[in-house]
Amino acid sequence: MPALPFALVAIVCYLAAGLWQSLSLARRVAERPRWVRSAGTIALLCHGVIVGLTLLGPRGLHMGLTQSATLIGWVVVALLLLFSLFKPVLNAGVCVFPVAAITIVAAIGMPSTMTESGISPGLYFHILSSVAAFSFFAIAAVQAVLLAFQHHALKQRQTLGIVQVLPPLTRMEQLLFELIWCGMLLLTVAIVSGFVFVDNLFAQHLAHKTILSMLAWLIFAALLAGHHYLGWRGPRAVRWTLAGVGVLVLAFFGTKFVLEYIFHYNA
């Protein structure tokens, strides 16, 4: 099955949805959440085809840098669209949709040859929980950036533009910590399942990912504890969130980049 037509449809729909959401945040166009979700859903379906075509191989899963990125992009969009039905998180699409389009371009244009064969059900569970955890934290990172813009605007007594579109500040902070709690629970499951199902988790090609994932867990745990006991919020919560997500990016993509493009590790 040719991947290019599905890729083109997904990219166009993602960019259209992201552009409209950006313009609505800037108060240039009216909010059309139903239209944005529809475009995002069409893109998600086509994106799913790309994920299947690029990940599944005759000798196992192609879990290289670009294939992993497009899988995570697909999960992030799926979670965003699902949660937007119940929570006001669709504004995160201004970043999520274009990045998802970029992951498709990377997976089609720069496919990786790294293959994982003989994957057990337990290892599948570890991979899925890891991807889901990162996806929640990715949405939380965008939510944190929007919260930072909102906090800065209110501090400067600017009540027009983006402040009029976003939910109240307290609700934005509540959403941020809800996303972090979901990501934290899944990251805990991913780390525990890694120790249970992955042979030699501290092997040479997994040690950095394991250590960085545990460091990210400690950062988010400190943030949640600080929020609960010390009332951490606002810019401090934003900084800790972005720091934790930054460490996770290094864990997920930094290690894969080093393995593939520096050490040329393919299995």
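How are helix 1 and helix 4 oriented to each other? In this predicted model, the axes of helix 1, which spans residues 4-25, and helix 4, which spans residues 93-109, come within 8 Å and cross at roughly 160 degrees. Angles over 145 degrees count as roughly antiparallel, and helix 1 and helix 4 are therefore roughly antiparallel to each other. The crossing in which helix 1 passes helix 4 is left-handed. On the side of helix 1, the contact is made by Ala7, Ala10, Ile11, Tyr14, Leu15, Ala17, Gly18, Gln21, Ser22 and Leu25, while helix 4 contributes Gly93, Val94, Phe97, Pro98, Ala100, Ala101, Ile104, Val105 and Ile108. Sorted by class, the residues of this contact comprise 15 nonpolar and four polar ones, with no charged residue among them.

It helps to place this pair within the whole chain. The secondary structure comes to nine helices and three strands, and the elements follow one another from the N terminus in the order α-α-β-β-α-α-β-α-α-α-α-α. Of the 267 residues of the chain, 48% count as buried, and the chain exposes about 13,300 Å², of which carbon and sulfur atoms supply 71%. Among contacts between residues at least 6 apart in sequence, 77% join residues at least 24 apart.

A second helix pair is formed by helix 5, residues 121-155, and helix 7, the latter covering 169-197. Their axes lie 8 Å apart and the helices pack at an angle of about 155 degrees, so that helix 5 and helix 7 are likewise roughly antiparallel to each other. Helix 5 passes helix 7 in a left-handed crossing, and the contact between these two helices has 25 nonpolar, 10 polar and one charged residues.

Two single residues can now be located within this picture. Ser24 has its place in helix 1 and, with a relative accessible area of 2%, is buried, because a residue under 20% counts as buried. Leaving aside residues up to four places away in sequence, Ser24 touches Val29, Ala30, Glu31 and Val165. Val198, by contrast, lies in the loop between helix 7 and helix 8, the latter covering 207-230. Although it sits in a loop, Val198 is buried, with a relative accessible area of 14%. The C-alpha atom of Val198 is separated by 6.5 Å from that of Leu123, a residue 75 residues apart from Val198 along the chain.

Conventions:
Residues are numbered from 1 along each chain as its sequence is written. This is a predicted model: local features need pLDDT of at least 70, side-chain atom pairs count only at pLDDT 80 or more; totals for chains, interfaces and linings use all residues. Side-chain values use heavy atoms; hydrogens and water are left out. Axes are lines fitted to C-alpha atoms, for helices over the stretch in contact, and angles run from 0 to 180 degrees between N-to-C directions. Helices (H or I, at least four residues) and strands (E, at least two) are DSSP runs, numbered from the N terminus. Angles under 35 degrees count as roughly parallel, over 145 as roughly antiparallel, 65 to 115 as roughly perpendicular and the rest as oblique. A crossing is left-handed if the near helix is turned anticlockwise from the far one by less than a right angle, and right-handed if clockwise. Contact means heavy atoms within 4.5 Å. Ala, Val, Leu, Ile, Met, Phe, Trp, Tyr, Cys and Pro count as nonpolar, Asp, Glu, Lys and Arg as charged, and the others, Gly among them, as polar. Buried means under 20% relative accessible area, exposed over 50%, partly exposed in between (1.4 Å probe, protein chains only). Accessible areas come from the Shrake-Rupley method with a 1.4 Å probe; for residues, only the protein chains shown count as cover.
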